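User: I have a protein chain open on my screen and would like some help reading it. Could you take me through it step by step?
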Amino acid sequence: MFQKNDRNSSDETFLKDLPIMFDVLIHDPSHFLNYSTINYKWSFGDNTGLFVSTNHTVNHTYVLNGTFSLNLTVKAAAPGPCPPPPPPPRPSKPTPSLGPAGDNPLELSRIPDENCQINRYGHFQATITIVEGILEVNIIQMTDVLMPVPWPESSLIDFVVTCQGSIPTEVCTIISDPTCEITQNTVCSPVDVDEMCLLTVRRTFNGSGTYCVNLTLGDDTSLALTSTLISVPDRDPASPLRMANSALISVGCLAIFVTVISLLVYKKHKEYNPIENSPGNVVRSKGLSVFLNRAKAVFFPGNQEKDPLLKNQEFKGVS
């Protein structure tokens, strides 16, 4: 008896809603049954009736928890000698012959039956206990976690895992080479999962490359396994990708620094400075005004005649 996800197949405790495979092995050291026809009659004890098959393997799924009585009957029909025919009854009176000897019914009864066989039977019984268990586990997401600077060659990967069936109590991961044959690291740890059966498993990978990850969720009676291949990028600080990331970070920091300095300078020049009413400032202001007016008179002499004040002065001179 074998079942996927069953933690211990020898205790005759199996999981609900998963098929159990029954494989029959007949002990026949004398090879007496080499040329026999074998039939298997199954009764699984869960009110599903009888099942007859000529195959030595069969699958059956229990959909309820509890204890069930399994019964198997094996019938082997081997070719064998036919028993001697019974002697014909003695007639009370002599009867005349009705024809040739082949037509005599007594002669026909003496012809041996070539289909004679010997039947042998075997029986097997077992008591099976069906319980809840972890039926399925799946990895739905893998996320790369940034590592601190002192460990540039290591990588952290978060695996988001879901399951169906009962709630697991432990998680184990086996990290191996891409062929899933050479084990490199095995880690097991207890888990506390809610009824939704959603958890995150974080594992460390030493160096870049492709890894085979076997992830198993377990409880007292079941183990559910899933596998995946994962590619871990290079974490070497001198790698082109790492250098490009560092360059981008440096450029971003420089841009932020320049922006902050520019804002500070702009804010400083935009501040309001009140004009002090001092004699020195008035004198400097008048001197600058006189200089500008003289420059204007030299370079733009025609504009002076259009000044209304000059017209008024000229009108007063004539009168």
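Analyst: The answers below deal with the overall make-up, the nonpolar cores and the disulfides. This is a predicted model, in which local features need pLDDT of at least 70 and side-chain atom pairs count only at pLDDT 80 or more, while totals for chains, interfaces and linings use all residues. Residues are numbered from 1 along each chain as its sequence is written, and side-chain values use heavy atoms, with hydrogens and water left out.

User: How many helices and strands are there in the chain?
Analyst: The chain has four helices and 15 strands. Both are DSSP runs numbered from the N terminus: helices are H or I with at least four residues, and strands are E with at least two.

User: And what share of the residues counts as buried?
Analyst: Of the 319 residues, 25% count as buried. Buried means under 20% relative accessible area, exposed means over 50%, and partly exposed lies in between, with a 1.4 Å probe and protein chains only.

User: Which residues have the most contacts inside the largest nonpolar core?
Analyst: They are Phe-159, Val-161, Phe-205, Leu-215 and Leu-217, in a core of 20 residues. At least two residues of this core come from each of strand 9 (134–145), strand 10 (154–165), strand 11 (170–176), strand 13 (198–206), strand 14 (209–218) and strand 15 (223–232). A nonpolar core is a set of buried Ala, Val, Leu, Ile, Met, Phe, Trp, Tyr and Cys residues joined through side-chain atoms within 4.5 Å. In soluble globular proteins, nonpolar side chains tend to be buried together.

User: What is Phe-159 in contact with?
Analyst: Leaving aside neighbours within four places in sequence, the contacts of Phe-159 include Ile-139, Met-142, Phe-205, Val-213, Leu-215 and Ile-230. Contact means heavy atoms within 4.5 Å. Apart from this core lies another, of 19 residues, among them Phe-22, Leu-33, Trp-42 and Ala-76.

User: Turning to Thr-226, is that residue buried or exposed?
Analyst: Thr-226 counts as buried because its relative accessibility is 15%. Thr-226 is found in strand 15. Not counting residues up to four places away in sequence, Thr-226 touches Val-137, Ile-139, Val-213, Asn-214 and Leu-215.

User: New topic: how many disulfides does the count come to?
Analyst: The count comes to four disulfides, a disulfide being a pair of cysteine sulfur atoms within 2.5 Å. With bonded cysteines counted along the chain, their pattern is 1-2, 3-7, 4-6, 5-8.

User: Which parts does the pair Cys-82 and Cys-116 tie together?
Analyst: A disulfide joins Cys-82 to Cys-116, with S to S 1.5 Å. Cys-82 lies in the loop between strand 7 (66–79) and helix 1 (105–109), and Cys-116 in the loop between helix 1 and strand 8 (117–131), so the pair ties together parts 34 residues apart in sequence. Cys-82 is partly exposed at 28% relative accessibility, whereas Cys-116 is buried at 18%.

User: Why is the disulfide of Cys-163 and Cys-197 called right-handed?
Analyst: The torsion about its S-S bond is about 90°, so the disulfide of Cys-163 and Cys-197 is right-handed. Cys-163 lies in strand 10 and Cys-197 in the loop between strand 12 (183–190) and strand 13. Cys-163 counts as buried at 11% relative accessibility, and Cys-197 counts as buried at 2%.

User: Where do Cys-172 and Cys-188 lie?
Analyst: Cys-172 and Cys-188 form a disulfide with their sulfur atoms 2.0 Å apart. Cys-172 lies in strand 11 and Cys-188 in strand 12, so the pair ties together parts 16 residues apart in sequence.
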